[in-house]
Amino acid sequence: MIKIVKRDQPSRAIFFFTPVLAIFLTLVAGGLIFFILGFKPFEALKFFFIVPIADKYGFSELLLKATPLCLIAIGLSFCFKSNNWNIGAEGQLTFGAIVSGGVALLFYEQEGFYILPIVILAGAIGGMLYASIPAILKTYFNTNEILVSLMLVYVSKLILDYLVVGPWSNPEGFNFPETRQFSDSAKLPLLFEGLRIHAGIFLALAAVVISWFVFYKTYLGFQMKVSGFSLKTAKYAGYKGKKMIILVFLISGACAGLAGVGEITGPIGQLHREISPDYGFTAIIVAFLGRLHPVGIIFASLVVAITYLGAETAQIFMQIPKYTGQVFQGMILFFLLASDYLLFFKFKFIGSKK
Amino acid sequence: MHKIFIRSFVSSLVLLFTLTVAAIAKDVKAAFVYIGPTGDHGWTYQHDVGRKAVEAAGFKTTYVEGVPESADAERVLRQLANSGHDIIFTTSFGYMNPTNKVAKEFPNVKFEHATGYKREHANVSTYAARFYEGRTILGTIAGTMTKSNVIGYVASFPIPEVIRGINSFTLAAQKVNPNIKTKIVWAFTWYDPGKEAEAAKALIDQGADVIAQHTDSTAIVQMAEKAGVYAFGQASDMDKFAPKAVLTSVENNWGPYYVDRVKAVANGTWNQKDTWHGIGDGMVVISDLDSQMPADLRSKVKKLQADLASGKVHSFTGPIYDQKGNLMVAEGKTADDGMLAGMMTYVKGVEGDIPK
């Protein structure tokens, strides 16, 4: 007989094992879905997960796609670790892109080494400003940060719409909703000729290193962890809760803003209505799949990035509907949450004796 | 000796080249990049109908749906160009810069961009339809059928394509009914059933009893059906979604153009061009006319359709005045394509201002 027993303590091994289990289960379930849809499951999975990154170009596209996801997820992990539910990274990304894009347009057709750093900084500040709204409302007016940050996503997209349709639209562009192309000095340099991977990847790697240091080597990281486990304990310990809430939101907003900068000054090179395919929301999956651990987030961002690339390849070569990519992202999160059950419970085999 | 060697070398090269060309011409592969799902019953759906016509003509096709206009578009295009496709149709305005960028890297692949204006490389063509001709028909019907003399119009974005449609529609409606007013609501979306339905509702509340649309979902005709007012289908025949409300639809018929261009690649006759086809070339098609319309209106519309096709009637024939009463097109003249392409002012009779 098998009995389900509560664990005395959440298992640390299981904690890092369940994401792998979730990915495995996603592959199995995905194969099954392909089979039901009438595709050869192994061939489909090959086109989904192997073919897209089989060459140098594909691999660079994977890194290009994973960069914003990783950057945003690192930022979100500051919030999530400390019990602050920032759901609005997409809005912070958009607002960061707006501010940095605005600065880039100011330097239209100008050259200079100082332009790019200003453009990048502007994006980080834009993201921070936008993230400070839910943070301040939460600390001083006790509002729900989930709602506020989420609603602000739609506000940011409307602001972007307004700007690219109206005042910032390209004067030579027949009123189509897009700005001018940024000058080369305002664009992130490419790392290799012919590949799209750009210097933005270093921003993501720097965020990984810094977050690891803060989480595990500083007093702030400890405070965040305690607040995450129990807000009351944090209060009794005398931590300044308000200051920390604002700080984690600012960090998270800066990261999302930088991800926006990476898109518009990297592969896109201008502002238009669609600068992000919902990176800010997908990064929430990445953060949890990576267990809010910097190294875990690197791997998770690569796994999630490949679901985007794989969906395109599978449609081109096998005519599998492209929206299966989103199904895969959903399944990963579902199986992860489901297998978290194992963190707190275990199966115990009990003999049939009395 | 030397000369003979060169000559035979050259002739074998030529032979090799012709063989390769012949081999390519046999199986031309076409690819289509879509902004939405193929089941949207609007813009993307109609492009996919066109793709199926290419398949029916005996060519292999590939499509990728739901490709965002973000950094992802460029990757999809490069992958299609890299995987043996000879001609790639990019069917949304936002693909303009990625299309030109990738075209530069693949000079042997032909690119066809819908609704754009950039042809930076010899292997990029652009194409669009003269939808405003269809809107001349809709305006004629709306002006005749309205009782409140208020006509609603749900618009997407303030770009020349949409302004041109509003103007063409209003001019035609005024011709049959000088008292009409066209009220515009800007939805700032091409496809958002919720927003579109709200916009239609706002117009109906303001007294509009005929609703036209320049957005792609079926939400507007369905809202019109509920409210008991008339409407027109957009992009595809939307009659089945609102049989009482829909008087007719303007259909986007890309098939003939697509087949033509893919065949041109196969024959080696493809060349760069900027295509702007209307009713005459069959790119714009008017669906069946609803029996609720009086018989004389129906025959009038049929005649107008034939005259637009033959070029006897032009949607923008002077005298045309703008909202302030300034002359835009003189009597007896018609607006040229340059003026149409950059049209950013309302004609007299349209209410409100163009959002800036």
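**Figure 1. N142(A) sits in a loop between two helices of chain A.** In this predicted model, local features need pLDDT of at least 70, side-chain atom pairs count only at pLDDT 80 or more, and totals for chains, interfaces and linings use all residues. Residues are numbered from 1 along each chain as its sequence is written, chains are lettered from A and ligands numbered from 1 in the order in which they are written, and side-chain values use heavy atoms, with hydrogens and water left out. Look for N142(A) in the loop between α5 (115–141) and α6 (145–165) of chain A. Helices (H or I, at least four residues) and strands (E, at least two) are DSSP runs, numbered from the N terminus. N142(A) is not a glycine, yet its phi is positive, at about 60°. Is N142(A) buried or exposed? With a relative accessible area of 69%, N142(A) is exposed. Here, buried means under 20% relative accessible area, exposed over 50%, and partly exposed in between (1.4 Å probe, protein chains only).

**Figure 2. Q319(A) is a non-glycine residue with a positive phi.** The phi of Q319(A) is about 60°. You can find Q319(A) in the loop between α12 (294–318) and α13 (324–339) of chain A. Its relative accessibility is 43%, so Q319(A) counts as partly exposed.

**Figure 3. Chain A, the setting of the two loops above, has 14 helices and 2 strands.** The radius of gyration of chain A is 22 Å, which agrees with the value near 20 Å for a compact globule of 354 residues. This radius is taken over C-alpha atoms, and the globule rule is 2.2 Å times the number of residues to the power 0.38. Along the principal axes, the C-alpha trace of chain A spans about 85 × 60 × 30 Å. Of its 354 residues, 55% count as buried. A contact means heavy atoms within 4.5 Å; among contacts in chain A between residues at least 6 apart in sequence, 77% join residues at least 24 apart. The exposed area of chain A is about 16,800 Å², with 71% of it supplied by carbon and sulfur atoms. Areas like this come from the Shrake-Rupley method with a 1.4 Å probe; for residues, only the protein chains shown count as cover. How far apart are the mean positions of the positive and negative charges of chain A? For its 28 positive and 18 negative charges, the mean positions are 22 Å apart. Lys and Arg count as positive and Asp and Glu as negative, while His and the chain ends are not counted. The place of a charge is taken as NZ of Lys, CZ of Arg, CG of Asp or CD of Glu.

**Figure 4. Two tryptophans of chain B, W43(B) and W254(B), form an aromatic pair.** Over all chains, the whole structure holds 42 aromatic pairs. Rings of Phe, Tyr and Trp (its six-membered ring) pair if their centres lie within 6.5 Å; planes under 30 degrees apart count as stacked, over 60 as edge-to-face and the rest as tilted. The pair of W43(B) and W254(B) is edge-to-face, with 5.7 Å centre to centre and 80° between the planes. W43(B) lies in helix α2 (residues 43–56) of chain B and W254(B) in the loop between β10 (246–252) and α9 (255–267), so the pair ties together parts that are 211 residues apart in sequence. Both W43(B) and W254(B) are buried. The two also belong to a cluster linked by ring pairs, whose members include F32(B), Y34(B), Y63(B) and F89(B).

**Figure 5. The peptide bond from G318(B) to P319(B) is cis.** Its omega is near 0°. P319(B) is placed in the loop between α10 (295–310) and β13 (320–321) of chain B.

**Figure 6. K183(B) lies in strand β7 (residues 181–186) of chain B.** Which residues does K183(B) contact, leaving aside its neighbours within four places in sequence? They are V150(B), I151(B), G152(B), Y153(B), L203(B), Q206(B) and E351(B). K183(B) and N97(B) are 86 residues apart in sequence, and their C-alpha atoms are 34 Å apart in space.

**Figure 7. A227(B) is part of helix α8 (residues 219–227) of chain B.** A227(B) is partly exposed, with a relative accessible area of 39%. Its C-alpha atom is separated by 19 Å from that of T182(B), 45 residues apart along the chain.
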